[in-house]
Amino acid sequence: GMEAVRTLDTGGRRWTLEMHPLPAFERHADHVRHDAIAFIGVVFSLLAGWFLTLQASGHVRAMALARDMTRELQRTKDDLESTLNAVPDLLFEMDLAGRIHHYRSGRSDLLVAEPAALIGRRVGDILPGPAAQECLLALQEAHASGYSFGRQYGLEVRGSYLWFELSVARKEQARAGGGASMEPVAHGGSPSPRFIVLSRDITGR
């Protein structure tokens, strides 16, 4: 018969193209067999060319979209970095035990130690007892109600005695598709809560 079967490997997949003439066409083709074969070859070539062009253009569009998304994410990241650097407060991410996981601020002169020395340590290991206690109480309040505002503590920093006010908010936990938390897991299998802690210098009030 005049059936034609071809396979194409493109786009990481194997495609099979089949062409079958109608019975009426086959009866008529008994007299024009060579013309029919040539016609099938031309049609098949056109289909193959169209298919390959479609695959190539789709790949180009996907690559362009990926580049645009990457540039947009980078711009968003840069904007966020600029915003965080402009915040005059000390910005920490802590867990309920007061352990510091992240720190960002443009005012490192208000810290009692170098930023790198704070990561992984608890506030009780860094701050005097009364100041550390206020931080822990603020974390407990935010854990219970979602936020805590207004707790204050005094602290000697680089030869000056300063006063700070705390604002604490519980951080929403990101979840994967199955609903499982992506946050670290505490003892007992429950998600370990994290908190965003802002410490503002209010000495001049």
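Start by selecting Tyr153: this residue is buried, because its relative accessible area is 8% (buried means under 20% relative accessible area, exposed over 50% and partly exposed in between, with a 1.4 Å probe and protein chains only). Now add Phe164, which is also buried, with a relative accessible area of 0%. The rings of Tyr153 and Phe164 form a stacked aromatic pair, 5.4 Å centre to centre with 20° between the planes. For such pairs, rings of Phe, Tyr and Trp (its six-membered ring) must have centres within 6.5 Å; planes under 30 degrees apart count as stacked, over 60 as edge-to-face and the rest as tilted. This pair links distant parts of the chain, since Tyr153 sits in strand S5 and Phe164 in strand S6, 11 residues apart.

Before moving on, a word about what is on your screen. This is a predicted model, where local features need pLDDT of at least 70 and side-chain atom pairs count only at pLDDT 80 or more, while totals for chains, interfaces and linings use all residues. Residues are numbered from 1 along each chain as its sequence is written, and side-chain values use heavy atoms, with hydrogens and water left out.

**The whole chain**

Zoom out and colour by secondary structure. You should find five helices and seven strands in the protein chain; helices (H or I, at least four residues) and strands (E, at least two) are DSSP runs, numbered from the N terminus. Read from the N terminus, the elements follow the order β-β-α-α-β-β-α-α-α-β-β-β. Of the 205 residues in the protein chain, 26% are buried.

**The sheet**

Next, show S3 to S7 as cartoon. An open sheet of five strands appears in the order S4-S3-S7-S6-S5, with antiparallel pairing (two strands pair if DSSP finds at least two bridges between them). S4 and S5 stand at the edges with a single partner strand each, so one side of each has no neighbour in the sheet. From one strand to the next, the twist averages 25°; axes here are lines fitted to C-alpha atoms, for helices over the stretch in contact, and angles run from 0 to 180 degrees between N-to-C directions.

Follow the S5 edge: S5 and S6 run antiparallel and are joined by 10 bridges. Select Leu155 and you will see Leu162 of S6 opposite. In the loop between S5 (147–157) and S6 (160–170), pick Arg158. Arg158 is not a glycine, yet its phi is positive, about 50°. Is Arg158 buried or exposed? Arg158 counts as exposed, because its relative accessibility is 56%.

**The other hairpin**

Cross to S3 (residues 90–95) and S4 (residues 100–104), which pair in the antiparallel sense over four bridges. Met94 has Ile100 in S4 as its bridge partner. Four residues lie between the strands of this hairpin, and Gly98 there takes a positive phi near 85°.

While you are here, switch on the aromatic rings. The whole structure holds four aromatic pairs. One of them joins Phe92 and Tyr103, a tilted pair at 5.3 Å centre to centre and 40° between the planes. Phe92 lies in S3 and Tyr103 in S4, 11 residues apart, and both residues are buried.

Stay in strand S3 and select Leu90. Leu90 is buried, with a relative accessible area of 4%. Beyond its neighbours within four places in sequence, Leu90 is in contact with residues including Tyr103, Leu111, Phe164 and Val197 (contact means heavy atoms within 4.5 Å). Leu111 is 21 residues from Leu90 in sequence and 8.1 Å away, C-alpha to C-alpha.

**Helix H5**

Last stop: select residues 129–145, helix H5. Its 17 residues should span 24 Å at 1.5 Å a residue, and the end C-alpha atoms are indeed 24 Å apart; the expected span is 1.5 Å times one less than the number of residues.

Which residues of H5 are buried? They are Ala131, Ala132, Cys135, Ala138, Leu139 and Ala142. These lie on the same side of H5, because they cover an arc of only 120° around the axis, taken from the directions from the helix axis to the C-beta atoms. Residues three or four places apart point the same way because an α-helix has 3.6 residues a turn.

Among the elements covering the buried residues of H5 are S3, helix H4 (123–126) and strand S7 (194–201). Rotate to the face turned away from the buried side, and you find the exposed residues Gly129, Pro130 and Ala144. Finish at Gly146, which follows H5 and has a positive phi near 100°.
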